[in-house]
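I opened the model today to look at one helix, the pocket and the ligand site. My notes follow in that order.

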Amino acid sequence: MAERAVVTIDRHIIEEERKFPHATGRLSNILTDLALAAKMIQREVAQAGLVDILGRAGRENVQGEQVEKLDEFAQEVIYNAMDHGGNLCCMVSEEHEDVIPIPDRFPTGDYVLIFDPLDGSSNIDVNVSIGTVFSIYRKVSKGGRGTLQDCLQPGRAMVAGGYVVYGSSTMLVYSSGTGVHGFTLDPSIGEFLLSHPNIRMPEPPQRYYSVNEAYYQRWSLGQRRLVDCLKGMGEKETAPFRTRYIGSLVADFHRTLLKGGIFMYPRDTASPEGKLRLLYEAVPMALICEQAGGRASDGERDILDIVPTGLHQRTPLYVGSREFVDMAEEFLQRDPELPC
Ligand code: FBP
């Protein structure tokens with residue numbers, strides 16, 4: 001019986017590139033280098049309990065959070081995989097305050113890489129799925145080396161984006177604007193193989209909502225009424241939803257993408273701007289979600305329309321099935337005020 005065509009991520013990237021007659025191959029190089037970095041991070045994550053890679057690195061990052069050793073490892077792996085290929089003009093990372101320049105000894109290219117090396121790091125020590133998130137933009141400034149201007153582009157200008165989820169299996173999900181494709185790492189051959197071509201959010205979607213309800217008292221009235229409604233307790237008669245919350249954005253989003261529903265990280269009295277970072281958490285998920293037929297909003301507008309003003313700016317996030325994100329916006333716009 002004929003073997004089903006095995007499509008590695010390298011082959012898929014080249015086939016996608018052929019759809020763009022003027023492609024230089026540089027974007028493909030960036031995506032394949034990222035896939036390599038993901039394999040190296042996966043190997044370390046998989047044996048985290050066996051080697052001295054769990055726990056804190058003993059320093060704080062720009063967000064004021066304690067940095068985990070695996071955060072640092074993932075940061076270094078991605079930086080070293082991407083700094084010398086001549087494809088990038090600069091990088092931005094959750095772990096670095098400023099724009100990361102390409103070392104002078106290496107040539108630069110026309111793309112910007114923005115990434116969260118390891119998202120959900122608070123779950124590392126307890127063996128819960130974590131992830132890497134990335135987005136790629138074309139350089140807009142004049143001259144060789146990248147500038148802040150190149151890094152503060154709205155999500156609509158992204159040329160490719162996605163994430164890696166290190167879970168029961170390791171999957172890389174990306175889009176370069178022609179649909180969403182998922183690849184599962186086959187450890188026996190060390191290759192990401194196409195396992196989920198052309199991912200579309202299910203219609204009708206499953207009725208899942210995902211939010212940290214421990215912050216209920218800190219939410220706006222609109223947010224509280226929304227969650228009450230999702231639980232079938234609201235003024236509007238709604239068949240109750242089921243809830244799922246892992247506390248790891250990549251894992252919560254991946255479930256929402258494949259099953260439908262809505263993931264929310266609202267703004268609240270402790271984080272009036274929201275907690276999640278616009279550039280390297282919300283925007284890449286918004287691209288994947290929209291490309292798969294869903295929506296991503298900050299409660300008022302599409303995440304991909306937001307023009308960033310700072311590398312580490314935060315945003316509320318509502319992402320998932322279009323009808324549920326629309327519904328969330330209605331509730332939020334009716335009662336937006338945060339409690340005093
Ligand atoms: P970092 O680990 O990258 O700082 O990520 C933020 C994050 O862990 C997300 O992955 C997750 O969705 C959220 O924070 C969980 O926050 P909370 O513990 O407040 O629910």
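For the helix I first fixed my terms: helices (H or I, at least four residues) and strands (E, at least two) are DSSP runs numbered from the N terminus, and the expected span of a helix is 1.5 Å times one less than its number of residues. This is a predicted model, in which local features need pLDDT of at least 70 and side-chain atom pairs count only at pLDDT 80 or more, while totals for chains, interfaces and linings use all residues. Residues are numbered from 1 along each chain as its sequence is written, and side-chain values use heavy atoms, with hydrogens and water left out.

**Helix H2.** I found that helix H2 (residues 26-46) has 21 residues and reaches 30 Å from its first C-alpha to its last, close to the 30 Å expected. I noted its buried residues (under 20% relative accessible area, with a 1.4 Å probe and protein chains only), among them Leu27, Ile30, Leu31, Leu34, Gln42 and Glu44.

**Ligand.** I looked up the residues near the ligand (a heavy atom within 4 Å), and of these 16, Asp119, Tyr215, Tyr245, Leu249 and Tyr265 come nearest. For polar contacts I took pairs of N or O atoms within 3.5 Å. An N or O atom in the side chain of Tyr215 is 2.7 Å from an oxygen atom of the ligand; for a polar side-chain atom of Asp116 I read 3.4 Å to a ligand oxygen, and for a side-chain N or O atom of Glu281, 3.5 Å.

Technical notes. Buried < 20%, exposed > 50% of the residue type's maximum accessible area, 1.4 Å probe, protein only. Polar contact = N/O pair within 3.5 Å; in protein donor to acceptor, adjacent residues only side chain to side chain.
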